[in-house]
Amino acid sequence: MPTPSLTTLPIRRLTLRDLTACADLSEDRGWPREEHKWGFLLTAGRGYGIDAPDGGLAAACVVTLYGPHERPSLAALGMVLVAERHSRRGVGRRLMRHVLTTLGTIPMTLHATPYGRPLYEELGFKVTGRAEMVMGNLVPPGGAPGVATRAATAEDLTAVLRLDEEVFGTDRTHIITRLPAFADQLRVAEENGRLIGYAAAWPNMDTHVVGPLIARDTQTAKALLASLAAHTDRPLRTDIDVRHTDLLAWVKEHGLASVAFNDVMTHGITELPGDWTRRFAPVTVAAG
């Protein structure tokens, strides 16, 4: 039997049954397996993949939709991966074109590595921002923080959702309500009984990834990061919008180091909705 051409293999929806295959694909490309993150993305979003003729996945990606269920206002694309043995054969381009056709006129965003950026530009994405990944053991300065923080409770959920939609620019209830189960920590900052920020730290291999990080200002963001660091022995990793220069300088002064840069790209919109001045880090670069 002749081997089927990758250009004719069907593109299908992925489910949690594909979790191991997705993790295998990550490992194939030299990424961590990140099964915890894959599980989150496959349940909160829509996975798309192409089965390889020789087993496993030839390619995969995940789309996370935001806004009203019947009329999404934003789609985040991530985890776009092609197996090494099938790379440079147009598989990733074919998968992305399928996703773009499926999404139609819904505005899109993604974080692009330097390797992936040319393909996304070819597909009509434009660079509209940049994020810097930093990682390390955060050792904040001594003394009492200027902003009060504490562990979030179930009673905080309504206020967290309200603040998040205001800052993110569209509803992502299906993501935020999953954070208590997905993250090891969910903490809030408040002033006079009013919520002014929140942040989560979720496990990813041997680190805790901080995201989302939503805060009224840089001082509040620092307090939330310090409170998360105080409750873990793992290194922290996060992706900070490069426009937040003061926060980036502070984390580097206190133990975190620059790891990489990713371009924030959009399709169908010239800039992301919401208030970037209070949006410091995404849940994950794969989901915005």
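Here are a few exercises with worked solutions on the pockets, cores and a helix of this predicted model.

**Exercise 1. The largest pocket**

Work out how big the largest pocket is, which residues lie nearest its centre, and what its lining is made of.

*Solution.*
- Start with the space itself: the volume comes to about 1,100 Å³.
- Next, look at the wall. There are 48 lining residues, and Trp31, Val80, Leu81, Thr113 and Tyr120 lie nearest the centre.
- Now sort that lining by class: you get 26 nonpolar, 13 polar and 9 charged residues.
- Finally, ask which element gives the largest share. That's strand β4 (residues 74-82), with 6 residues.

**Exercise 2. The second largest pocket**

Do the same for the second largest pocket: find its volume, the residues closest to its centre and the elements behind its lining.

*Solution.*
- The volume here is about 430 Å³.
- The lining has 27 residues, and Asp241, Arg243, Val264, Leu272 and Arg279 are the closest to the centre.
- Two or more lining residues come from each of β4, β5 (108-112), β6 (126-136), β11 (236-241) and β13 (279-281).
- Of the contributors, β6 gives the most, with 4 residues.
- By class, the tally is 14 nonpolar, 6 polar and 7 charged residues.

**Exercise 3. The nonpolar cores**

Find which residues have the most contacts inside the largest nonpolar core, and which helix gives the most to this core.

*Solution.*
- The largest core holds 36 residues, and the best-connected ones inside it are Trp38, Leu41, Tyr66, Ile175 and Tyr198.
- Helix α2 (residues 35-44) gives the most to this core: 5 residues.
- Zoom in on Ile175. Leaving out residues up to four places away in sequence, Ile175 touches Phe40, Ala44, Thr64, Tyr66 and Val283.
- Don't stop there, though: a second, separate core has 28 residues, including Val99, Met108, Leu123 and Met265.

**Exercise 4. The buried side of α1**

List the buried residues of helix α1 (residues 19-28), then explain why they line one face of the helix.

*Solution.*
- Taking buried as under 20% relative accessible area, you pick out Cys22, Ala23, Leu25 and Ser26 in α1.
- Look down the axis of α1: these buried residues fall within an arc of 155°, so they line one face of the helix.
- The background rule is handy here: an α-helix has 3.6 residues a turn, so residues three or four places apart point the same way.
- What do the buried residues of α1 pack against? Their partners are β1 (11-14), α2, β3 (57-66) and β4.
- One last detail: Gly30, just after α1, takes a positive phi of about 80°.

Terms used
Residues are numbered from 1 along each chain as its sequence is written. This is a predicted model: local features need pLDDT of at least 70, side-chain atom pairs count only at pLDDT 80 or more; totals for chains, interfaces and linings use all residues. Side-chain values use heavy atoms; hydrogens and water are left out. On a 1 Å grid over the protein atoms alone, a cavity is a set of points where a 1.4 Å probe fits but cannot get out, and a pocket is an open set with protein on both sides within 12 Å along at least five of seven lines; lining residues have an atom within 4 Å of a point. Grid points are joined across faces, edges and corners, and a volume is the space filled by probe spheres set on the points. Ala, Val, Leu, Ile, Met, Phe, Trp, Tyr, Cys and Pro count as nonpolar, Asp, Glu, Lys and Arg as charged, and the others, Gly among them, as polar. A nonpolar core is a set of buried Ala, Val, Leu, Ile, Met, Phe, Trp, Tyr and Cys residues joined through side-chain atoms within 4.5 Å. Buried means under 20% relative accessible area, exposed over 50%, partly exposed in between (1.4 Å probe, protein chains only). Contact means heavy atoms within 4.5 Å. The arc is that of the directions from the helix axis to the C-beta atoms.
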